[in-house]
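Visitor: Please take one part of this model, the sheet, and go through it closely. I would like to know how its strands are arranged and what packs against them.

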Amino acid sequence: MNKKEIIKRYKERPVTGGVFRITNTQNGKYLLASDIDLRGSRNRFDFSVSTGSCINMKLQKDWDIFGAKAFVFEVLDELEKEPEQELKAFTEDLKLLEDMWRNKIGRASCR
């Protein structure tokens with residue numbers, strides 16, 4: 001495969017975004033968020049845990065107290081981007097989905 005084919009394949013791959021929760025298993029606090037690339041979010045979280053660096057400043061205090069191993073990453077909902085859908089519209093759909101989850105599970109989060 002040449003470089004152009006690789007780039008074309010990358011751009012044509014299905015994009016899966018969604019809503020996820022990072023939970024502190026020691027005290028039950030969590031961070032609820034959405035992202036246009038769930039796999040990327042998972043990879044960033046796994047890298048942060050393996051290096052001990054905090055993935056999000058809202059988690060920093062608990063991360064310092066309890067350590068990286070006290071946190072788990074959970075996908076709550078997935079949404080696949082339609083090929084003709086604009087990125088802005090996809091991002092707005094994900095924010096709506098996140099708001100639905102926020103209402104469903106409450107507004108508690110890491111403080």
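Guide: In this predicted model, 3 strands make up an open sheet, in the order β2-β1-β3, with antiparallel pairing. The edges are taken by β2 and β3, and each has a single partner strand, so one side of each has no neighbour in the sheet. On average, neighbouring strands are turned by 15° against each other, direction ignored.

Take the pairing of β1 with β3 to begin with. These two strands run antiparallel and are joined over 9 bridges. One point for finding the register is G17, whose bridge partner in β3 is L79.

On the other side of the pairing, β1 and β2 are also antiparallel, with 6 bridges between them. Here I22 has L31 of β2 as its bridge partner. The two strands form a hairpin, with 5 residues between them, and G28 in that turn has a positive phi of about 80°. Although β2 is an edge strand, it is mostly covered, as 5 of its 6 residues are buried.

Next come the helices. α2 lies across β1, β2 and β3, and runs at about 170° to β3. Helix α4, residues 87-105, packs on the sheet too and touches β1, β2 and β3; its direction makes about 155° with that of β2.

The side chains can be followed from there. In soluble globular proteins, nonpolar side chains tend to be buried together. The largest nonpolar core in this model has 14 residues, and those with the most contacts inside it are F20, I22, F45, L59, W63 and F71. At least two residues of this core come from each of β1 (16-24), β2 (30-35), α2 (38-51) and β3 (71-80). The element that gives the most is α2, with 3 residues.

F45 shows how such contacts spread along the chain. Leaving out residues up to four places away in sequence, F45 touches I22, I55, W63, F71, V72 and F73. Apart from the largest core lies another core, of 6 residues, among them Y30, L32, L97 and W101.

I22 therefore turns up in two roles: the residue bridges to L31 in β2, and its place is among those with the most contacts inside the largest core, which is a set of buried nonpolar residues joined through side-chain atoms within 4.5 Å.

How values were computed:
Residues are numbered from 1 along each chain as its sequence is written. This is a predicted model: local features need pLDDT of at least 70, side-chain atom pairs count only at pLDDT 80 or more; totals for chains, interfaces and linings use all residues. Side-chain values use heavy atoms; hydrogens and water are left out. Buried means under 20% relative accessible area, exposed over 50%, partly exposed in between (1.4 Å probe, protein chains only). Helices (H or I, at least four residues) and strands (E, at least two) are DSSP runs, numbered from the N terminus. Contact means heavy atoms within 4.5 Å. Two strands pair if DSSP finds at least two bridges between them. Axes are lines fitted to C-alpha atoms, for helices over the stretch in contact, and angles run from 0 to 180 degrees between N-to-C directions.
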